[in-house]
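Trainee: I've got this complex open in the viewer and could use some company. Mind if I fire questions at you while we look around?

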Amino acid sequence: MGIAAIRNGDVTAFETVFRTYYRRLCAVAYAFVDSADTAEEIVQDLFLKIWRQRESLRITDSLQAYLYQAARNASLNHLKHRRIESRWSERVRAEDPPVARAADDDLVESELSRAIDAGIAALPERCRLVFTMSRHQGLSYAEIADALGISIKTVEAQMGRALKSLRERLDPAN
Amino acid sequence: MGTKVLGDKGHRGVRCPYIVSNDLDYTKLARFLAGECSDAEAEEVREWLANPANQRAFERLEQIWRRTAALPPQWDQDTAWTKLASHLDQPAPKVVALRDRWQSASLSVEWWTSRRSVVLSATAAALALLTIGGYAWITRARHQATAALREVATRRGQRAALDLPDGSRIVLAPGSLVRFAADFGTGGTGVAREIVLEGEGYFRVRHDSVRPFRVRTAMAIVEDIGTDFVVASQQQQRSVAIAVVSGSVTLHRPDAVAGPPLLTVSRGDLALLDSSGTATLTPNANLAPYIAWTEGGLAFDATPLRDVAATLGKWYDLDVVVADSALAGRRLTASFRQAQAVSQVLDVIARSLDAHVERKGRVVVFRVTSR
Amino acid sequence: MRRLAVWLVLSPVLGPVSGSAQVPRFLRADSGRAPVDASSTPALRQRVSLHLEGVTVKEALTAITRRTGLPLAYSDDLLPRDARVRLQAQEMTVGAALRKVLLGTGLDVVFNANGQATLVKQAAGSAQRPAAVKSQ
């Protein structure tokens, strides 16, 4: 089993585990920390720690669950210790090429996007995590469920909840 | 697979067409938008959409869905593995920030900074060890103590932070050194607290009106009047820069500390003393290039690439080469926050200067982009 | 809001623009250089109030970045040295402010995934020329 091999110092086994889980763990960390670089650092530090403590590695059930939990904990720890407010780490948003706008040397302010952003920030923690992992990172429901250690049904419900909350924010009368 | 229908409050268990507006099944529509629903469900939604009122409501959801799309980061696991693999066979480093509080006599700490491992043989009363994530900011400082003097020095790629017994604080840039008396701060009235600096340091001084705090470099003495400031002393160019974050300092020539100052430098000011001995003061200057590093960032202001390269080399312990002389003079203005990986910093610099950057281990090369 | 007035001393580097203003675009830092919708990028939507009169483009950029913390990188050699900018901004978005300041400079703003912004020269032939420059 992979874990036993790693405990024995088998680098190849370790590499396999690394390559299997790296991207998903980065996705988890990224949902918490806002900066892609920091997310990668967190995951790499995590793997390094696992390697260094491999002899005392004790994983009773799923390796996957263990890794996801560890990534979550490391991310939360990082948030706790982060010293500098990172105002500028918001992600760059992608959009379909905009419909041709009237030529204008000023920006048309979009109330909509502002409201949406505010709406996302106002979502309850888990709901926001699920929603941003889906929309910002393009993860599937199954991937989100694995990453956060919840059921797919919960993911579905949270996505619905987020959508409802955002919609009601935009159309309060309706 | 039961269909959960939220809209049919009066008909539990029986499927009904959705009631417009208030009772949308958001969970189902979210699944539909996310592409996570079954074919049968998708068909149901499409039937539902045949009603124009539903269509309108759905458009709103679609709009929200579109606008919340974002660029997922590209996780480069090959590079990540290569980086990780290079650390696997090394013993766990005691890579730490050193905050050094000592009582004058009982401390005798010595360690030497081989590449990755640090051996501590300390009888220190209170050594606080903290971890700072990110290998770019390894902060082990060489510390020597003799009977009379203490010295803390950093190498390329290292910073150090120390709290002095009087409550003042120094953050030392890479490749720098501070030296001070073992009985620092304990002298009687009028006995100055003096620090010798080679290189670059940030000083947050605990004000003491009867014991002036002085930073002495080869070119100048900077005396505190209760402040946060940075002194950057350039050995080769024989110049000194002083940036004051808060409070005021006075600038003197090394042999003339008792006399009137060359300059008084106050909050937001930048003072430069060049090799000819000329002192200039720029009020309300852009201090970012001088102080960004104290928070782990880096800033440049119209800095030629050759100097940017030297700074990057010092801060990240890299060998940075500008391969084309046409590039060396291109000027960069930029500021980088803490926790940006070197690769990102290099990419941004390359993009700004329309150059190509390549990194192999510790060697970084900037070239003109081939057309 | 007053109208922006920009006088440019044109250098050969900028190409034969002969007075028509080039609109700076906001782009992603990938190979496609896809456009970023400034109105849905938080970094660009932050609001700033500034009153700058007859300052250089560099001074205007410094004022914006100092006030807002926007991490902006650029080569000073790309900025027009002699052009003067007037920016009377009252709670203007950063995106709008940048577009005013960079109008006619032939530069685009490129964002990487971490939100770091860089100024780059617009590729020849791809600069947009608006049909009209509306006053505020």
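Trainee: Let's start with two helices in chain B: at what angle do α1(B) and α2(B) pack?

Mentor: Keep in mind that this is a predicted model, so every value is computed from it. The axes of α1(B) and α2(B) lie 10 Å apart. The packing angle between α1(B) and α2(B) is about 110°.

Trainee: And how is α1(B) oriented to α2(B), in words?

Mentor: Angles from 65 to 115 degrees fall into one class, and the helices pack at about 110°. That is why α1(B) counts, relative to α2(B), as roughly perpendicular.

Trainee: Which residues of α2(B) does α1(B) meet there?

Mentor: From α1(B) come B:Lys28, B:Leu29, B:Arg31 and B:Phe32. By class, the residues of this contact split into four nonpolar, no polar and three charged. On the α2(B) side, the ones being met are B:Glu41, B:Ala42 and B:Val45.

Trainee: How many of the residues of α1(B) are buried?

Mentor: The helix spans residues 26-34 of chain B and is mostly covered. The buried set is B:Tyr26, B:Thr27, B:Lys28, B:Leu29, B:Ala30, B:Arg31, B:Phe32 and B:Leu33. Out of nine residues, that makes eight.

Trainee: What covers those buried residues of α1(B)?

Mentor: Part of the cover comes from chain B itself, including α2 (39-49) and α3 (52-67). Another chain also joins in, through a helix at residues 152-170. That helix is α8 of chain A.

Trainee: Which residue just after α1(B) takes a positive phi?

Mentor: Look just past the end of the helix, where phi is about 70°. The residue is B:Gly35.

Trainee: On to the sheet in chain B. Which strands stand at its edges?

Mentor: Seven strands make an open, antiparallel sheet in the order β5-β6-β9-β12-β13-β16-β17. An edge strand here has a single partner, so one of its sides is left without a neighbour in the sheet. On average, neighbouring strands are turned by 15° against each other, direction ignored. The edge strands are β5 (160-163) and β17 (279-282).

Trainee: What is the bridge partner of B:Ala271 in β17(B)?

Mentor: Strand β16(B), residues 270-273, runs antiparallel to β17(B), and four bridges join the two. Follow the bridge from B:Ala271 across to β17(B) and you land on B:Leu281.

Trainee: Is B:His356 buried, exposed or partly exposed?

Mentor: B:His356 sits in strand β21(B), residues 355-360. Buried takes 20 or more C-beta neighbours within 10 Å, and exposed takes 12 or fewer. B:His356 has 16 inside 10 Å, so it counts as partly exposed.

Trainee: Which residues does B:His356 touch, leaving out those up to four places away in sequence?

Mentor: B:Phe366 is ten residues away in sequence, with a C-alpha to C-alpha distance of 5.6 Å from B:His356. The residues that B:His356 touches are B:Ala350, B:Arg367 and B:Thr369.

Trainee: Now the contact between chains B and C. Which element gives the most to the side of chain B that touches chain C?

Mentor: The contact takes 21 residues from chain B and 18 from chain C. Two elements of chain B give two or more residues to its side, namely β20 (331-336) and α8 (342-352). That side has nine nonpolar, six polar and six charged residues. With six residues, the one giving the most is β20(B).

Trainee: Which residue of β3(C) stands opposite B:Leu332?

Mentor: β20(B) pairs with β3(C), residues 72-75, in the antiparallel sense over two bridges. Opposite B:Leu332 you find C:Ser75.

Trainee: What pattern does chain C follow along its sequence?

Mentor: Chain C has three helices and six strands, and 47% of its 136 residues count as buried. Reading along the sequence gives β-α-β-α-β-β-α-β-β.

Trainee: Which element of chain C has the highest mean pLDDT?

Mentor: Chain C averages a pLDDT of 74, with 72% of the residues scoring at least 70. Confidence stays under 50 over residues 1-20 of chain C, and residues 126-136 are below 50 too. Among the elements, α1(C) has the lowest mean, 76, while the highest, 95, belongs to β3(C).

Conventions. Residues numbered from 1 in each chain as written. Chains lettered and ligands numbered in written order. Predicted model: local features only at pLDDT ≥ 70, side-chain atom pairs only at ≥ 80, totals over all residues. Contact = placed C-beta atoms within 7 Å. Nonpolar A, V, L, I, M, F, W, Y, C, P; charged D, E, K, R; others polar. Pairing = 2+ DSSP bridges. Axes fitted to C-alpha atoms, helices over the stretch in contact; angles between N-to-C directions. pLDDT = per-residue confidence, 0-100. Parallel < 35°, antiparallel > 145°, perpendicular 65-115°, else oblique.
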